[in-house]
Amino acid sequence: MTDHPARRLLLVHAHPDDESINNGATMARYAAEGAQVTLVTCTLGEEGEIIPPALAHLAADRDDTLGPYRQGELAAAMKELGVTDHRLLGGPGRFRDSGMMGAEQNHRPAAFWDADVDDAAQYLVEVIRSVRPQVLVTYDPDGGYGHPDHIQAHRVAMRAAELAADPAYRTGAGAVHTVAKIYWNRVPRSVAEEGFARLRDTVPDAFPGIAAIDDVPGVVDDTRITAQIDGSAHAAAKRAAMRAHATQIAVDGPFFALSNDLGQPVFTTEYYELVHGASGAPQGVREDDLFAGVPGAEQ
Ligand SMILES: [Zn+2]
């Protein structure tokens, strides 16, 4: 596969904005280093709450045009991160935002939560077999914080990695490919605590309140973190990408808020837990490169 860059990273996310919040610094760093960074977003986030009052009419219960609008926000965010390969699972509108857990939107036509996992995974298998990423990043089984689309994105990503490597699966859908390493998005508890302490000390007037650590997806005990990607050189790009998702995110310096108006820290070092494949670092040491130990892809 000589026409591919040596390092290929695939990220699977539920909605536009999740990639910038969770992995913006990582994506910007690898894109700047010449790696192929591919983002697959599973839905257009049609059910999101809208922050700017002037755009309130886009909402699902009004014009229901938030999806296409967020597609534009996603494209602008990817420009900020230097990522040129971003795709929607199955094409735009194939899977729809399922809303929060228990909402009636969970079972609307095309709701991602209602999709058959193998059916949704077939689209991702095509991407995996064509892009041939060595590294896959997605959420943990709880989707980081229990949102149905995040849980489903996890299931689809893990299943697609399995199917892409199966020689018996859809032999016409590209050459078999095994993803060398799979990571789940994480935030170490100590880092979250420090971030919120900083936020409490600063109290930016932009936000009327402060979120709780439990509002941050993927927080776990520090011992579970296996990789830490220093993206501080790309902090401005991450913040700009988050700002591009203006219907969903308000950014104020090193902090941001979602539609609940509760301040959270922007993390520019991003953390991961390796769940498949071998670590490229000695036992007990965190990797500083997601490609560590991958033959032909190390720095
Ligand atoms: Zn999301």
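**Close-up 1. Helix H3 and what sits at its two ends.** Just after H3 comes Arg132, and its phi is positive, near 60 degrees. This is a predicted model, as are the views that follow. At the N-terminal end of H3, Asp116 does the capping: one of its side-chain oxygens lies 3.3 Å from the backbone nitrogen of Asp118. In between, H3 bends by about 30 degrees at Tyr123. How far apart are the end C-alpha atoms of H3? They are 21 Å apart, and that agrees with the 21 Å that 15 residues should span at 1.5 Å a residue.

**Close-up 2. The buried residues of H3 and their cover.** Quite a list of H3 residues is buried, including Ala120, Ala121, Leu124, Val125, Val127, Ile128 and Val131. Gln122 and Arg129 are on that buried list too. What covers them? The cover includes strands S1 (8–13), S2 (36–41) and S3 (85–88), along with helix H4.

**Close-up 3. Strand S5, buried on both of its sides.** S5 takes in residues 181–188, and 8 of its 8 residues are buried. Lys181, Tyr183, Asn185 and Val187 point one way from the strand, while Ile182, Trp184, Arg186 and Pro188 point the other way. Charged-looking names or not, Lys181 and Arg186 are buried along with the rest.

**Close-up 4. S5 and its parallel partners, S4 and S7.** Strand S4 (residues 135–138) runs parallel to S5, and 4 bridges join them. Look for Leu136, which stands opposite Ile182 in S5. Getting from S4 to S5, the chain passes through helix H4 (residues 148–164), making a right-handed β-α-β crossover. S5 also runs parallel to strand S7 (residues 219–220), this time with 2 bridges. Here Val187 stands opposite Val219.

**Close-up 5. S5 meets S12 the other way round.** Strand S12 (residues 269–276) pairs with S5 in the antiparallel sense, over 5 bridges. One pair to pick out is Asn185 and its bridge partner in S12, Tyr272.

**Close-up 6. An open sheet of 4 strands.** The order is S6-S11-S10-S9, and the pairing is mixed. Which strands stand at the edges? They are S6 (209–210) and S9 (250–252); each has a single partner strand, so one side of each is left without a neighbour in the sheet. Further in, S10 (residues 255–257) and S11 (residues 262–265) pair in the antiparallel sense over 3 bridges, with Phe255 opposite Pro265 in S11.

Terms used. Residues numbered from 1 in each chain as written. Predicted model: local features only at pLDDT ≥ 70, side-chain atom pairs only at ≥ 80, totals over all residues. Heavy atoms only, no water. Buried < 20%, exposed > 50% of the residue type's maximum accessible area, 1.4 Å probe, protein only. Pairing = 2+ DSSP bridges. Right-handed = clockwise from strand over helix to strand, strands pointing away. Expected span 1.5 Å × (residues − 1). Bend = angle between axes of the 7 residues up to and from the residue. Contact = heavy atoms within 4.5 Å. Polar contact = N/O pair within 3.5 Å; in protein donor to acceptor, adjacent residues only side chain to side chain.
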